[in-house]
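Trainee: Can we go through this one together? I'd like to learn where the labels come from.
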Protein chains: 2
Amino acid sequence: MAIAAIQKSVRSSDVIVEVDTKSRILDAAEELFMEHGFEATSLRLITTAAAVNLAAANYHFGSKEELFQAVLTRRLDPMNQDRMQLLTNYETAAGNKALTCEVIISAMFIPALKLARDQSQGGKNFLRLLGRAYADPAPFIREFLSSQYAEMIARYRAAFARALPHLPREEVSWRLHFVMGALSYTLAGTDALKVIAQFHPAEVNNDELLLKRLAPFLAAGLRAPMANATDAHQWFQET
Amino acid sequence: MAIAAIQKSVRSSDVIVEVDTKSRILDAAEELFMEHGFEATSLRLITTAAAVNLAAANYHFGSKEELFQAVLTRRLDPMNQDRMQLLTNYETAAGNKALTCEVIISAMFIPALKLARDQSQGGKNFLRLLGRAYADPAPFIREFLSSQYAEMIARYRAAFARALPHLPREEVSWRLHFVMGALSYTLAGTDALKVIAQFHPAEVNNDELLLKRLAPFLAAGLRAPMANATDAHQWFQET
DNA sequence: GCTAGTTTCAAACAAGCGTTTGAAACCCAA
DNA sequence: TTGGGTTTCAAACGCTTGTTTGAAACTAGC
């Protein structure tokens, strides 16, 4: 590992920017993977954007797949750690009373918001990349996400189960699945549906406002009464 | 267009299977695009699976992108037509009374369910493919989906606006966005989170049961009271 | 049976891919 | 200043990609 790692340093107008090759590759890869997807993004595109030699990507990360995982790990791991820590804090503060759905959801959302806010643009790019990674069919991506999320999901499922004691555990699992889905889909923010929905341009990229709208929606869904057999019959008999 | 289109005909054990080259390519492409994504699926993989010559794909569809659009159009266009027709039927039946959220949602879900149920496997494959296409970064896919969905989305936004007259139109647009997101994400059905959620295996691929769980969740979310300034402050001040 | 139009086929095309190589450049401790 | 480890670099590797080509095979009408 690098002694001569910090190599190129540029003094811009009012901030000192120094980035080693590894970080430059990660930053460029994050943006380009977000923009074009994993398969459609070539290492040549990444290394050109990062202004480093093509071979540097393989030298520092081994392979394209490992580079992709490194891009995800860099921000995903701290975010999920934050989520678990926050949940722990809330649970400690609540003593042995169950947390409300709103509090649990906010423990999920706040670390994502923090990511969306800090850093010049990297945080937002990453959240969009993450939303896309969820839907990516590549097995190595799916397995990677499974392992990265396993512990956090288990914690949140337990928390929601306590908050919604009248629901069967299975139903809680489903609703957690819906919550994760809506969150990742929304943060992925594909332009297609946004255009369709005719949002005000100023609001489209305001993640804070977005989550303030999404959270009450999801909290209400979590607390919804279960559909009984009659309801289900009424809903779908006409197919 | 083909006079000699129906060329290969195979009599299997109890059904007669006759498929022209074009359909064989579409079927194979649907399954492989679903499994590996657009970029990672090569024309050679598709044409080999379809047992046709490599050049046949370009001959019949022009390009790989046009083939992908043809795969989507074949089922998406009829499904969205169904959705609009069903909504029209409900509105006619209701006279000048506004529809409930449940009825509107069922008008969205029933055509998707119909697709998931009929056909040996193609319908389910297609829904998963569609869910993935939503998250695909390729511009031609996003533009294609925008154009395919524009009319239907406009109809449903109007219907939800009538059903939720107390909500600002903008809020209705957001919630419709959440509903579309949850639906597509859920139907895409990436294995990763399902494994995490520890679902009973028998239920994972039961789309009917899945939508029966999702619909009440979304209906409750649609009817949620709006978060006021105080709520929002309370939720997110601690970031 | 000939002809015209449609569809298939094997082969090749240029271009781009991820990865590897071996030498050059670089840095820092001795 | 020398030497050894780290990092960069240009070039090439073998392979796959989407697409094109021109001839062959096929179908149907006259």
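Mentor: Start with B:A182: apart from its neighbours within four places in sequence, B:A182 is in contact with A:F178, A:G181, A:A182, B:L214 and B:L218.

Trainee: What makes those residues "in contact" with B:A182?

Mentor: Two residues are in contact if their C-beta atoms, placed from the backbone, lie within 7 Å. Each of those five meets that cut-off with B:A182. Bear in mind that this is a predicted model, where local features need pLDDT of at least 70, side-chain atom pairs count only at pLDDT 80 or more, and totals for chains, interfaces and linings use all residues. Residues are numbered from 1 along each chain as its sequence is written, while chains are lettered from A and ligands numbered from 1 in the order in which they are written.

Trainee: Why is A:T100 called partly exposed?

Mentor: A buried residue has 20 or more other C-beta atoms within 10 Å of its own, an exposed one 12 or fewer, and partly exposed is in between. A:T100 has 15, so partly exposed it is. You'll find A:T100 in the loop between α4 (64-94) and α5 (101-117) of chain A.

Trainee: How do you know that 36 Å is the expected span of α7 (residues 139-163) in chain B?

Mentor: The rule is 1.5 Å times one less than the number of residues. This helix has 25 residues, and its 34 Å from first C-alpha to last is close to that 36 Å.

Trainee: What makes B:Y149 the centre of a kink in α7(B)?

Mentor: The bend is the angle between axes fitted to the seven residues ending there and the seven starting there. The kink centred on B:Y149 is about 45°.

Key. Helices (H or I, at least four residues) and strands (E, at least two) are DSSP runs, numbered from the N terminus.
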